[in-house]
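This report is meant for a reader who meets the structure here without earlier acquaintance. Please look through the sequence and the model before reading on.

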Amino acid sequence: MALEPQDVRRAAFLARLGLNDDEAAGYVDDLSRILEMVDRLQAVDTTGVAPLAHPLDATQRLRADEVTESDQRERFQRCAPAVENGLYLVPRVVE
């Protein structure tokens with residue numbers, strides 16, 4: 001698929017990007033090469049290849065689930081403009 005400067009300008013318009021004609025012409029080659037690479041990747045036979053969440057066999061390091069801070073709820077609610085029954089009151093935004 002050959003890209004034209006008007007294709008780049010249309011994509012820029014849809015993305016709400018401001019490009020002039022010179023900038024659009026400069027992106028034609030870059031975007032064309034990207035699309036060619038995607039076409040080559042789509043041509044690869046991936047039958048039988050399991051999808052991966054990450055290319056490396058790594059595990060997430062976890063920390064102990066323990067309390068590290070004291071309860072400061074009362075202190076923070078004293079600063080709040082409106083509190084009722086331990087809850088922060090906020091203005092209604094959806095009618």
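How many helices and strands make up the secondary structure of the protein? In this predicted model, the secondary structure comes to three helices and two strands, and the order of these elements, read along the sequence, is α-α-α-β-β.

**Overall form**

The C-alpha atoms of the protein fill a box of roughly 65 × 40 × 25 Å along the principal axes. The radius of gyration of the protein is 27 Å, whereas a compact globule of 95 residues would have a value near 12 Å. Buried residues account for 8% of the 95 residues, and the accessible surface of the protein amounts to about 9,400 Å², with carbon and sulfur atoms contributing 54% of that surface. The protein carries 11 positive and 18 negative charges, and the mean positions of these two sets are 8 Å apart.

**The loop between α1 and α2**

Helix α1 covers residues 5-14, and the loop between α1 and α2 holds glycine 18 as well as arginine 16. Glycine 18 counts as exposed because its relative accessibility is 72%, a value over the 50% cut-off. Although arginine 16 is not a glycine, it has a positive phi of about 60 degrees. From glycine 18 to glutamate 36 the separation is 18 residues in sequence and 25 Å in space, taken from C-alpha to C-alpha.

**Inside helix α2**

Is serine 32 buried or exposed? Serine 32, which has its place in helix α2 (residues 21-42), is buried because its relative accessible area is 14%, and the cut-off for buried is under 20%. The side chain of serine 32 reaches the backbone oxygen of valine 28 at a distance of 2.8 Å.

**The loop between the strands**

Strand β1 spans residues 83-84 and strand β2 spans residues 87-88, and asparagine 85 lies in the loop between them. Asparagine 85 is not a glycine, yet its phi is positive, at about 55 degrees.

The table sets out two residues with a positive phi, together with their location and relative accessible area.

| Residue | Location | Phi | Relative accessible area |
|---|---|---|---|
| Arginine 16 | loop between α1 and α2 | about 60 degrees | 63%, exposed |
| Asparagine 85 | loop between β1 and β2 | about 55 degrees | 73%, exposed |

Definitions and conventions
Residues are numbered from 1 along each chain as its sequence is written. This is a predicted model: local features need pLDDT of at least 70, side-chain atom pairs count only at pLDDT 80 or more; totals for chains, interfaces and linings use all residues. Side-chain values use heavy atoms; hydrogens and water are left out. Helices (H or I, at least four residues) and strands (E, at least two) are DSSP runs, numbered from the N terminus. Buried means under 20% relative accessible area, exposed over 50%, partly exposed in between (1.4 Å probe, protein chains only). A polar contact is a pair of N or O atoms within 3.5 Å; within protein, one must be able to donate a hydrogen and the other to accept it, and residues adjacent in sequence count only if both atoms are side-chain atoms. The radius of gyration is taken over C-alpha atoms; the globule rule is 2.2 Å times the number of residues to the power 0.38. Accessible areas come from the Shrake-Rupley method with a 1.4 Å probe; for residues, only the protein chains shown count as cover. Lys and Arg count as positive and Asp and Glu as negative; His and the chain ends are not counted. The place of a charge is taken as NZ of Lys, CZ of Arg, CG of Asp or CD of Glu.
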